[in-house]
Structure formats: C-alpha cells, structure tokens
Amino acid sequence: MAKKTYDLLFKLLLIGDSGVGKTCVLFRFSDDAFNTTFISTIGIDFKIKTVELQGKKIKLQIWDTAGQERFHTITTSYYRGAMGIMLVYDITNAKSFENISKWLRNIDEHANEDVERMLLGNKCDMEDKRVVPKAKGEQIAREHGIRFFETSAKANINIEKAFLTLAEDILRKTPVKEPNSENVDISSGGGVTGWKSKCCS
Amino acid sequence: MNFENVINFIFIFYLVIAVTVKPCYVREEASPALAFEKDAFQLTVEDVYDISYVIGRDLLKISSTGEEVSDLQFRIVRVLEMFETLVNKYNLSLEELKMERDNLKSELDRIIKESSTGQGTQTAGPNQLVVDLKDPNRPRFTMQELKEVLQERNQLKAQLMVAQEELQLYKSGILPQAEPAMVEVDLEPPPSADHIPATTDEVKEEKTAISKLFSFRRKRE
C-alpha cells in the first residue's frame, strides 16, 4: 500500500431539495466547472478534493445526495458517517427554503450529534428571480446556530469559501492524534483561522 | 271410422274455438297443440295457455261421451296453474339475468375503454403506482438493489482514485520502485478520467501486463 498522501480525511455531505444545485456546487468546487444541463443525481455519489489547511493536507470526501424523496432511504444512511453537512436551498425556489426545517430534522435524526452544519442559499447570481431574501437565510441560520453563505456555482461565488470554512470548523474540533512540537503551532494557528473565518462569514 | 270422425270433430271444434274465442291463433297461424312439442325451457305463458286450451278441449270431449272426469279436471287445472306460475317465474328470472348480463357487459366495455385511453391512472389507489409492463423504462429494481449497486460503484470509484494517486506518485518518482515489474507499468501513461485506454501504437510497442489488459479491454468494447 502506498504512503498516505494526506494527513486527515473529512467526510462531508450535501443535502437539500432536488434541483437546488448540490451537484453543481460540488462540481464547481472539485473540478472548477459548471454545467447547465440538469441531471438528477441517482441516490448517492461522491467526489474527492484535497485541500491544504494550516499546513495539513486534508482530503475531503464529499458525498452528494439525491434530493428526490424516492431516494430518502439510501441518502439518510450516509448521514451517520458525515463530519460536516451542507444544507443547500435555492434562493429562487421558496419551497426549497421552506423545507430547510425538514432537512434539519433529518440531520437530527440520522447524523452524528456533533456534526458541523452549514446553510447555503445557492443560485445567488439569479437576482431577478430571487424569492428568498438574504436576511431570511441569515435569520434561520442564526436561529439554528449554523453558518450561512449565499453561493453561486454558476458564477463561482463563495463556493470554495464555504467548503474551506466547513473544513476549518471540523479541523478545529479534530483532536490532535500524535502530540509533537509542531502541534502547538498548528492548534494555535487553527484558532486564529477559525476566528477569522467567523469574522468574515 | 270412428277415429276419423273424432279427428274431424276436434279439427272443427278447434277451428270454431280459435275463430270465436282466441282469434290470435289465427293471426299467428300456429296450432296450440305445437306447444306440446316445444322445449320445456322455451315455453312461454302463452304456450301454457295453449296447452290448457288443448287439454280443456280434450276433457270436454271425454265428458261429452258421458264419463265422470270432474275430479281429474280440477287436478289438471291445478297442475296447469302451477305450470303457469313456474313458467312465468322462470321467464321473468331469465329476463332479469339477461338484463344484468347486458349491464355488466357494457360496464366492462366502458372500463376497458377507459383504461386503454386514460393509461388507467384512475384505477390506482392513492399510494399505488400503475406500471406499464410494455414500457422499457418501467421501474424494475428494488431500493435495496439500487443501494447495493451504488455502494459498489462508489467503492470502485474510490479504489480507482487510490490507484490513480499511487500511479501518479510512482510516475513522479516520489515512491521507490520496489519491483522490476513496476518499471513496465511506469511506461504506460497514467490513466486519467478522460484518458483510460492507451492508443494502439503504444500498446503494440510495450508488451507489458497493462498493455495486454488494455488490448483485452478494447476487444471487449
């Protein structure tokens, strides 16, 4: 077996109504590309992207779920292993925003208790078709104590920032395995980065 | 002959009765005696009346010869009444059954027509799905089967990624090339997602395990 090419493996999960752009958000992050044709995800898929945070190579395994109800039993079985969950809605689709509480309930039921959650209002490039004000997204995120970004996979707005922020939040909670001299620097650096990201969000 | 006389008498008697009492028989040009030849299940109440008429006529004939037949007469009348009731009832029931059959037939035709034109969505319950067995894209596999296929797909995808990563490392010389066989593998271009099979020339040049695998793959494709 080859030597590990990364220091940490984080498992992330994308959830939300069908058609809000979960796959596009992931595709933008992993391949820096965008495709307008809508192909509904069948059940569950994943992509890998390795990022470097605070001097650590972090391999992100990002699970992309089907939003359609008919795949519910398949997708919920992947909640348990997730360390971070991105709940995506579409700012041009009121129903997808209304369903946030339903998705949050799914997280409560199926995911680990200490999972990092994040709310994304996608398609923010389509200002003319917006039906969910940014303030409403911010409000619901505040109520549940989770981070919030408005994103656009198409216009590449806040995509990388969202993933890196979520990874940083998980990294901050990750216990240091091998205590050595380096770890002091890393943990202190993590603290500063965490504060910065909170400040910026 | 006495017998001939009797026949003639009956004939004349019948004609007289038919013309005066029952003119309808003349119109139908049928002898009431024909009712005796009919199939029991074909009998109508009219036939019973014909039979009564014929029997009554015969009784009249006997009594005219001076025999005492009044008891027999009453019994025959009683039997004929019962006969009338039975035939009547039978015909009414038969008519009812026929009507019911016709109603059901038209109902069946209507349902068949509806289901063929309207794809039968109205016949499904609230939580049921109508599956067209002729549709090649109809649902056929269970959620469990899909789950297993997706799991296997994702496992293979992960293994491919690991293999690609390792290959990249060997190629860039980061990892030591432990076995001589690995040198041959290195000769192949790293299989990326959009460049899996090597070109024909490359495969011919390098007689490695990988090249054999690739040529095998091409044959199967």
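**Two chains, one set of cut-offs**

Trainee: How many residue pairs are in polar contact between chain B and chain A, and what makes a pair a polar contact?

Mentor: Four pairs are in polar contact between chain B and chain A, with both residues at pLDDT 80 or more. A polar contact is two N or O atoms within 3.5 Å; within protein, one must be able to donate a hydrogen and the other to accept it, and residues adjacent in sequence count only if both atoms are side-chain atoms. Keep in mind that this is a predicted model: local features need pLDDT of at least 70, side-chain atom pairs need pLDDT 80 or more, and totals for chains, interfaces and linings use all residues. Residues are numbered from 1 along each chain, chains are lettered from A and ligands numbered from 1 in the order written, and side-chain values use heavy atoms, leaving out hydrogens and water.

Trainee: What makes the meeting of Asp45(A) and Arg153(B) a salt bridge?

Mentor: A salt bridge needs a side-chain nitrogen of Lys or Arg within 4 Å of a carboxyl oxygen of Asp or Glu. For Asp45(A) and Arg153(B), the N to O distance is 3.5 Å, so the pair passes. The two chains share three salt bridges.

Trainee: How do you know which residues touch across the two chains?

Mentor: Contact means heavy atoms within 4.5 Å. By that rule, 15 residues of chain B touch 18 residues of chain A. Add up the accessible area (1.4 Å probe) that both parts lose on being put together, and you have the buried area. Here that's about 1,400 Å², with 64% from carbon and sulfur atoms. On chain B, Met143(B), Asn154(B) and Glu165(B) lose the most, together 31% of what that side buries.

Trainee: Why is Glu116(A) called buried?

Mentor: Buried means under 20% relative accessible area, exposed means over 50%, and partly exposed is in between (1.4 Å probe, protein chains only). Glu116(A) has 17%, so it counts as buried.

Trainee: What joins the side chains of Glu116(A) and Lys173(A)?

Mentor: A polar contact of 3.1 Å. Leaving out residues up to four places away in sequence, Glu116(A) also touches others, including Met83(A), Ile85(A) and Leu166(A).

Trainee: Glu116(A) sits in strand S5 (residues 116-122). What makes a run a strand or a helix?

Mentor: They're DSSP runs, numbered from the N terminus: helices are H or I with at least four residues, strands are E with at least two. On that basis chain A has seven helices and six strands, whereas chain B has eight helices and zero strands.

Trainee: How much of each chain counts as buried?

Mentor: For chain A it's 46% of 201 residues; for chain B it's 16% of 221 residues.

Trainee: What makes a set of residues a nonpolar core?

Mentor: Its members are buried Ala, Val, Leu, Ile, Met, Phe, Trp, Tyr and Cys residues joined through side-chain atoms within 4.5 Å. The largest has 28 residues, and Ile85(A) and Leu119(A) touch the most other members. Helix H4 (100-110) of chain A is one of the elements supplying at least two residues, and H4(A) gives the most, with four. Apart from that core lies another, of 26 residues, among them Leu12(A) and Phe149(A).

Trainee: Which residues of helix H1 (residues 22-31) of chain A are buried?

Mentor: They are Lys22(A), Val25(A), Leu26(A), Arg28(A), Phe29(A) and Ser30(A). Just after H1(A), Asp32(A) takes a positive phi of about 50°.

Conventions. Buried area = accessible area lost by both parts, 1.4 Å probe.
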